[in-house]
Amino acid sequence: MVDTQAVRAEFPILQRSVYNRPLVYLDNAATTQKPRAVLDRLSAFYCKSNSNIHRGAHFLGDEASGAYESARETVRRFVNANHTHEIIFTHGTTDSLNLAADAFGGWFISPGDEVLVTEMEHHSNLVPWQMLCKKKDAVLKVLPFADNGTLQMERIESALSSKTRLLAVSHVSNVLGTVNPIKLITRLAHERGIPVVVDGAQAIQHIPVDVQDLGCDFYAFSGHKTYAATGIGVLYGKENWLNEMPPYQYGGGMISSVHFGQTSFTETPFKFEAGTPNIAGAVSLEAALEFLERIGIQDIAGHERDLLDYAHARLQEIEGLRVYGQGADRSGVVSFNLEGISPYDTSLILDKMGIAVRSGTHCAEPLMQHYRLSGTIRASFAVYNTREEVDRLVEGVEKAKMMLV
């Protein structure tokens, strides 16, 4: 069970007011706030250990290198990867998925091949594959979802063909909160020899993630949505794929030998981490994952599911309000609209009441097109949110309705 008040005390920003009202922060799907453990780790690194890594033969260089590789091991443990060299540090989920599209897709996708994505994908797990298919003269196939926001397993089976070379799918929809059955999807794909790329940006901080149990070939997530600093992310990849894939970028740190006529590259994961990486970001990610482990990801999942169910129930008490995403397995977010009222106008009124939500397409325009919408209001939850904050959200939505109708 989560001691919410004790958790909230660890986040300095939650103590502030907005427009003379206590802050209610419900935009966690965009980015989470940072606990003192993360802020202190960042400060300590820059004040005591700052140096470049894997190069300088001096004390600070060794210390910084050790901190960076310790973070890699913590990520490996958190997602239960087989090896640390299956963990690649990137700038975030978007960078991770672009790496996968460029390095995997550029090597293994040929003209006439098919890449399967779903209709609910964030642009970061759609556009890289779309651009890859255009570049390689391959075919992008789209798997639609049902109106309740869930994928239809029988349609996945029929969509997979002898031409399918890759399936890309989100673990949790950033708009609907739908938790997709990744283990089942992966099994169906692997029965046909098709690798699976998972966008885990909206899952890793909410529910347990075990990449070996899921069976997926790649898994991407961001630090800044996981209570860590911005500009750090992870791409997990199975060793067999990473060993075959060429580098994504070129420069220092990923070179074995360079001559004007020939360059050879070092082993994974370093061949995918060109240049000076976000060392402090990796250190902050380790602190954030340790913070989640201390609370317990199962307890976090239970706490947030309680908030989500409570929010669904309370919001649907408001006449003329529609919630999108009614699947049984949901996590993290609730998206909704008031009939005849712009989501942007509603979010502005909520902001004046100290309530931070997101309005718009949430970088998922094809999903919006499914419902024929220009956007939604999205409230997204974190471990520090409370039922009382949900009540303030409902009160704010009711006030917005009264003012705007």
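At roughly what angle do the axes of helix 2 and helix 3 cross? The first legend answers this. The model shown in every view is predicted.

**View 1. Helix 2 packs against helix 3.** Two packed helices are described by the angle between their axes and the distance between the axes. Helix 2 covers residues 36-49, and helix 3 covers residues 59-79. Their axes cross at roughly 160° and come within 10 Å. Angles over 145 degrees count as roughly antiparallel, so helix 2 runs roughly antiparallel to helix 3. On the helix 2 side, the contact involves Phe-45, Lys-48 and Ser-49. They meet Leu-60, Glu-63 and Ala-64 of helix 3.

**View 2. Seven strands form an open sheet with mixed pairing.** The strand order is 4-10-9-8-7-5-6. Strand 4 (87-90) and strand 6 (139-143) stand at the edges. Each has a single partner strand, so one side of each is left without a neighbour in the sheet. From one strand to the next, the twist averages 20°. Strand 7 (residues 164-170) pairs with strand 8 (residues 196-199) in the parallel sense, over 4 bridges. Ser-170 has Asp-199 of strand 8 as its bridge partner.

**View 3. Helix 5 packs on the seven-strand sheet.** Helix 5 spans residues 127-136. It touches strand 5 (114-118), strand 6, strand 7 and strand 8. The direction of helix 5 makes about 145° with that of strand 6.

**View 4. Four strands form an open antiparallel sheet.** Here the order is 13-14-17-16. Strand 13 and strand 16 (358-360) are the edge strands, and each pairs on one side only. The twist averages 30° from one strand to the next. Strand 16 meets strand 17 (residues 376-380) in an antiparallel pairing over 3 bridges. Arg-358 has its bridge partner in strand 17, and that partner is Arg-378.

**View 5. Helix 11 packs on the four-strand sheet.** Helix 11 runs over residues 297-315. It touches strand 13 and strand 14 (333-338). The directions of helix 11 and strand 14 make an angle of about 10°.

**View 6. Phe-108 and Trp-241 form an edge-to-face aromatic pair.** A search of the whole structure finds 14 aromatic pairs. In this one, the ring centres are 5.2 Å apart and the planes make 85°. Phe-108 belongs to helix 4 (residues 93-108), and Trp-241 to helix 9 (residues 239-244). The pair therefore ties together parts that are 133 residues apart in sequence. Are the two residues buried or partly exposed? Phe-108 is partly exposed, with a relative accessible area of 23%. Trp-241 is buried, at 16%.

**View 7. Tyr-324 and Tyr-371 form a tilted aromatic pair.** The distance is 5.2 Å centre to centre, with 55° between the planes. Tyr-324 lies in strand 13 (residues 321-324). Tyr-371 lies in helix 13 (residues 365-371). The pair links distant parts of the chain, 47 residues apart. Tyr-324 and Tyr-371 are both buried.

**View 8. Four rings join in a cluster.** The members are Phe-11, Tyr-227, Phe-291 and Tyr-384. Ring pairs link them.

**View 9. Arg-387 lies over the face of Tyr-310.** Arg-387 is placed at 4.2 Å from the centre of the Tyr-310 ring.

Note on methods: Residues numbered from 1 in each chain as written. Predicted model: local features only at pLDDT ≥ 70, side-chain atom pairs only at ≥ 80, totals over all residues. Heavy atoms only, no water. Phe/Tyr/Trp six-rings, centres within 6.5 Å; stacked < 30°, edge-to-face > 60°. Helix = DSSP H or I, 4+ residues; strand = E, 2+ residues; numbered from the N terminus. Buried < 20%, exposed > 50% of the residue type's maximum accessible area, 1.4 Å probe, protein only. Lys NZ or Arg CZ within 6 Å of the ring centre and 35° of its normal. Pairing = 2+ DSSP bridges. Axes fitted to C-alpha atoms, helices over the stretch in contact; angles between N-to-C directions. Contact = heavy atoms within 4.5 Å. Parallel < 35°, antiparallel > 145°, perpendicular 65-115°, else oblique.
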